[in-house]
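Hello,

Here is the structure I promised to pass on. Please open it first, then read my notes below.

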Amino acid sequence: MKQPSSRIWMMNAALDAGFALRPSEAISFFRQKANKGTKQWGELAAEAHARQFAVAGATSNALLNDFKSAINKALTDGTTLLEFRKDFDRIVGKHGWSYKGSRAWRSEIIYRTNLSSAYAAGRYRKMTSPEALEIFPYWRYVHNVSLHPRIVHEAWGGIILRADNPWWNSHFAPNGWGCNCEIQPVSRRKMARNGWKEDEAPEVVTRPWVNPATGKTEQVPTGISPGFQTNPGKVWMDEEARRAAVALKPVTAIEGKPPAAAPPEVRRSVQKKEIRKLLDTRAGVVEAATAPETVIKALNVETDSVLLSDDTLSKNLAKHPELKEDAYVALPEIFEDLTSIKLGKEETKAVALGRWDSKLFRLAIKRTGRGEIFLTSFLKVSEAEAERIAAASKKIKPGD
């Protein structure tokens with residue numbers, strides 16, 4: 001048998017008693033979701049919930065953006081349910097949203113369902129990494145204590161199957177509203193130590209369920225609540241593989257010449273088209289703007305190409321839902337009209353102010369180890385905020 005590397009043995013020692021999950025995995029899953037307005041629960045297929053963010057009865061993109069921002073904050077900052085309810089009240093009041101159910105019930109459903117699915121997807125991604133699978137080739141269904149335990153879930157407790165068993169495609173917890181079950185990775189060493197053996201996967205028996213939104217009859221595995229019959233982590237990873245196959249790359253030629261040799265108006269047009277493609281596919285990296293000479297000198301780079309990645313785009317869309325897509329498409333023009341630039345404490349980073357459509361924007365950029373320029377954040381600021389940024393030390397005005 002192939003011996004694991006020393007790094008893997010170190011992981012084994014650290015993780016055999018449990019399994020570490022970086023919150024970033026759950027955050028990445030949540031941020032890649034695109035908004036989907038729905039009038040009632042059930043309109044969105046179970047599998048689609050891994051790719052789209054929906055709140056039953058929320059049809060406005062602005063309303064969804066605010067809820068998405070609140071959930072993103074809960075994932076990144078550890079917002080509690082009580083704190084989330086304050087955001088819930090603020091969002092409901094701001095949009096005059098009329099929802100079904102009590103405030104306590106509805107806010108908890110939105111909060112817990114989104115967080116549990118995000119952590120489950122992040123956990124699945126971590127557990128299916130090549131390093132993890134080498135150490136933990138088995139998974140164990142764990143039924144945790146619950147006020148209202150489901151008999152079927154209790155029966156699944158303790159089942160051990162190989163990680164690649166198809167049963168996990170539909171039974172990776174959580175498997176219902178308020179389900180506290182989890183899937184525990186198990187090493188060969190732990191199997192031997194506890195005298196555990198691999199089980200046979202239970203037969204997947206389905207039952208008919210009429211979707212209230214569509215009126216169609218769907219088959220749902222017994223013991224699993226409608227809407228939970230798919231594995232969000234697997235759907236996400238399958239989607240990631242699909243996106244990787246169509247991932248965008250920065251253009252290397254425009255009309256047969258390097259981008260820098262193209263007329264400015266032609267290059268801007270291409271940049272705008274590439275940004276629109278990235279907004280649509282959310283996969284890859286594109287040239288989003290042309291850096292002015294001031295930025296090139298400040299960051300000490302030889303390129304004038306400002307790059308935008310899918311990761312930065314997804315993160316920025318989640319953190320700054322007030323920015324519309326047209327603002328991103330305007331990046332080539334914003335970079336042409338920078339009003340102030342200042343270096344950060346690390347001279348590989350800088351902050352610039354730009355103006356477009358009578359609005360002011362703060363743009364954070366950095367130089368990578370490969371000498372590339374990447375946009376790392378983008379947000380709208382007030383005149384007062386812009387003045388504070390412009391007055392900061394180490395300022396470099398365009399033309400200096």
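Phe335 touches Ala289, Thr290, Pro292, Val306, Leu363, Ile365 and Leu375, leaving aside residues up to four places away in sequence. Keep in mind that this is a predicted model.

Phe335 also belongs to the largest nonpolar core, which has 36 residues. Leu331, Phe335, Leu375 and Phe378 have the most contacts inside that core. Helix α12 (residues 293–299) gives this core its largest share, four residues. A second, separate core has 28 residues. Among them are Phe67, Leu81, Val92 and Trp236.

Now the pockets. The largest has a volume of about 840 Å³. Its lining counts 39 residues. Trp41, His49, Ala56, Ile109 and Trp177 lie nearest the centre. By class, the lining of this pocket splits into 21 nonpolar, 13 polar and five charged residues. Which helix supplies the largest share of that lining? Helix α5 (residues 103–127) does, with nine residues.

The second largest pocket has a volume of about 630 Å³. It is lined by 24 residues. Closest to its centre are Arg112, Ser116, Pro174, Cys179 and Asn180. Here too, look at α5: it gives the most to the lining, eleven residues. Strand β5 (182–186) supplies at least two. The lining of the second largest pocket has 15 nonpolar, five polar and four charged residues.

When you go through the model, start with Phe335 in its core, then follow α5 from the largest pocket to the second largest.

Best wishes

Methods. Residues are numbered from 1 along each chain as its sequence is written. This is a predicted model: local features need pLDDT of at least 70, side-chain atom pairs count only at pLDDT 80 or more; totals for chains, interfaces and linings use all residues. Side-chain values use heavy atoms; hydrogens and water are left out. On a 1 Å grid over the protein atoms alone, a cavity is a set of points where a 1.4 Å probe fits but cannot get out, and a pocket is an open set with protein on both sides within 12 Å along at least five of seven lines; lining residues have an atom within 4 Å of a point. Grid points are joined across faces, edges and corners, and a volume is the space filled by probe spheres set on the points. Ala, Val, Leu, Ile, Met, Phe, Trp, Tyr, Cys and Pro count as nonpolar, Asp, Glu, Lys and Arg as charged, and the others, Gly among them, as polar. A nonpolar core is a set of buried Ala, Val, Leu, Ile, Met, Phe, Trp, Tyr and Cys residues joined through side-chain atoms within 4.5 Å. Buried means under 20% relative accessible area, exposed over 50%, partly exposed in between (1.4 Å probe, protein chains only). Contact means heavy atoms within 4.5 Å.
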